[in-house]
Amino acid sequence: MDIKGTTKITGLFGCPVHHTFSPAMHNASFEALGLDYVYLPFEVRPEDLEGAVKSLIPLGIAGVNVTIPHKEKVIPFLDEVSPEAGLIGSVNTIQVKDRRLIGYNTDAYGFKKSLKEVLGVELRSKRVFVMGAGGASRAVCFQAAISGAEEIVIADIEAGRAETLCRAVAGKFPSCRVGTCPVEAPAIHKVLAGKDLFVNATPIGMKPDDSPVIQAGWLSPDASVFDLIYNPEETRLLREARERGHKTTNGIGMLVYQGAKAFEIFTGRKPPVETMLRVFKGKLAVHQ
Ligand code: NAP
């Protein structure tokens, strides 16, 4: 990589950031398109977030991604947020444009886009069951509502968290049926009947001995399964659902498409998605 006086800087604000694959994905993409950009990891402690965000303009940085634990806390320091990021209440990409800081949420886009590109599934009119009501689930649920899902059911081991997210989505999308479900086998089994899409937005499945959050046998025959986990590439839930003939996908597509959208926001160029995917999978193979 040839860093010059003209090189535009992008990067990632998070804490920690040592695990990130984003620099590899973005730098390979800049190189593939011959763009004079670089992407760097910045470990920003929570108490330094405001200062770090305020430094973007004077340092001439083109934009940054934002990850845990800063995605919500960063919003008050921005000049503007996209409608999606405003609804979700979470920003994972900041663009510096005309000395203004604009926040976007490309996680939600990554979810929608990978659902379409990998599974051929659109969210419009779908009945969706989402397990987990944390940060990732927020992006999934709001995107489902934005895209015209007919029904969204949210379940979380912490029932109050599911209720809070349910009220937030329902409050903004009165035409979408939004509800919750207790995390108990008989209730989930019953509510899953008739759902078109099951999304696992919990970390359950990352460890080899994790039992799946649902039994694949509870799914409607035509239901698709989206597990946000990307390591391992195929969780037990995905394997069991695939073996029963369901369309399945892991979280790799979501991660790569959120990065691709950020790349487009930073550079104004069409992202080389194949390069991003290849680099991401290469990194993943080393870390498995
Ligand atoms: P999070 O904020 O911790 O949310 C997970 C939620 O699931 C928590 O409320 C958690 O409750 C709940 N939960 C845990 N076990 C459960 C169970 N058995 N049944 C129901 N709910 C349960 O995590 P997150 O940031 O949203 O991430 C969730 C998953 O998505 C992680 O695996 C993460 O790696 C993945 N992810 C993928 C992408 C992608 O682009 N592919 C992006 C973001 C996240 P407790 O806190 O009480 O345990």
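## Ligand shell, sheet and domains

A backbone N or O atom of Ala136 lies 2.8 Å from an oxygen atom of the ligand, which fits the cut-off for a polar contact (a pair of N or O atoms within 3.5 Å). Keep in mind that this is a predicted model, where local features need pLDDT of at least 70, side-chain atom pairs count only at pLDDT 80 or more, and totals for chains, interfaces and linings use all residues. Residues are numbered from 1 along each chain as its sequence is written, and side-chain values use heavy atoms, with hydrogens and water left out.

**Around the ligand**

- Two further backbone contacts involve ligand nitrogen: a backbone N or O atom of Ile157 sits 3.1 Å from a nitrogen atom of the ligand, and a polar backbone atom of Leu228 is 3.0 Å from a nitrogen atom of the ligand.
- On its own, the ligand has 920 Å² of accessible area, and the protein covers 73% of that (Shrake-Rupley method, 1.4 Å probe).
- Helix H5 (135–146) and helix H9 (252–267) are the elements that give two or more residues to the shell; helices here are DSSP runs of H or I with at least four residues, and strands are E runs with at least two, numbered from the N terminus.
- The ligand is surrounded by 22 residues, and the closest are Ala136, Asp156, Arg161, Leu228 and Gly251 (near means a heavy atom within 4 Å).
- Sorted by class, that shell has 15 nonpolar, five polar and two charged residues; Ala, Val, Leu, Ile, Met, Phe, Trp, Tyr, Cys and Pro count as nonpolar, Asp, Glu, Lys and Arg as charged, and the others, Gly among them, as polar.

**The sheet**

- Six strands make an open sheet with mixed pairing, running S2-S1-S3-S5-S6-S4 (strands pair if DSSP finds at least two bridges between them).
- Strand S2 (37–43) and S4 are the edge strands, each pairing on one side only.
- S4 (residues 80–81) pairs with S6 (residues 100–104) in the parallel sense over two bridges, with Val81 opposite Gly103 in S6.
- S5 (residues 93–97) pairs with S6 in the antiparallel sense over five bridges, and Thr93 has Tyr104 in S6 as its bridge partner.
- The hairpin of S5 and S6 has two residues between the strands, and Asp98 takes a positive phi near 50° there.

**The domains**

- The domain assignment of the chain gives domain 1 (8–104 + 253–287) and domain 2 (121–246); such bounds come from an automatic or database assignment.
- Their C-alpha centres lie 27 Å apart.
- Nine residues from domain 1 and eleven residues from domain 2 take part in the contact (heavy atoms within 4.5 Å).

Terms used:
Polar contact = N/O pair within 3.5 Å; in protein donor to acceptor, adjacent residues only side chain to side chain.
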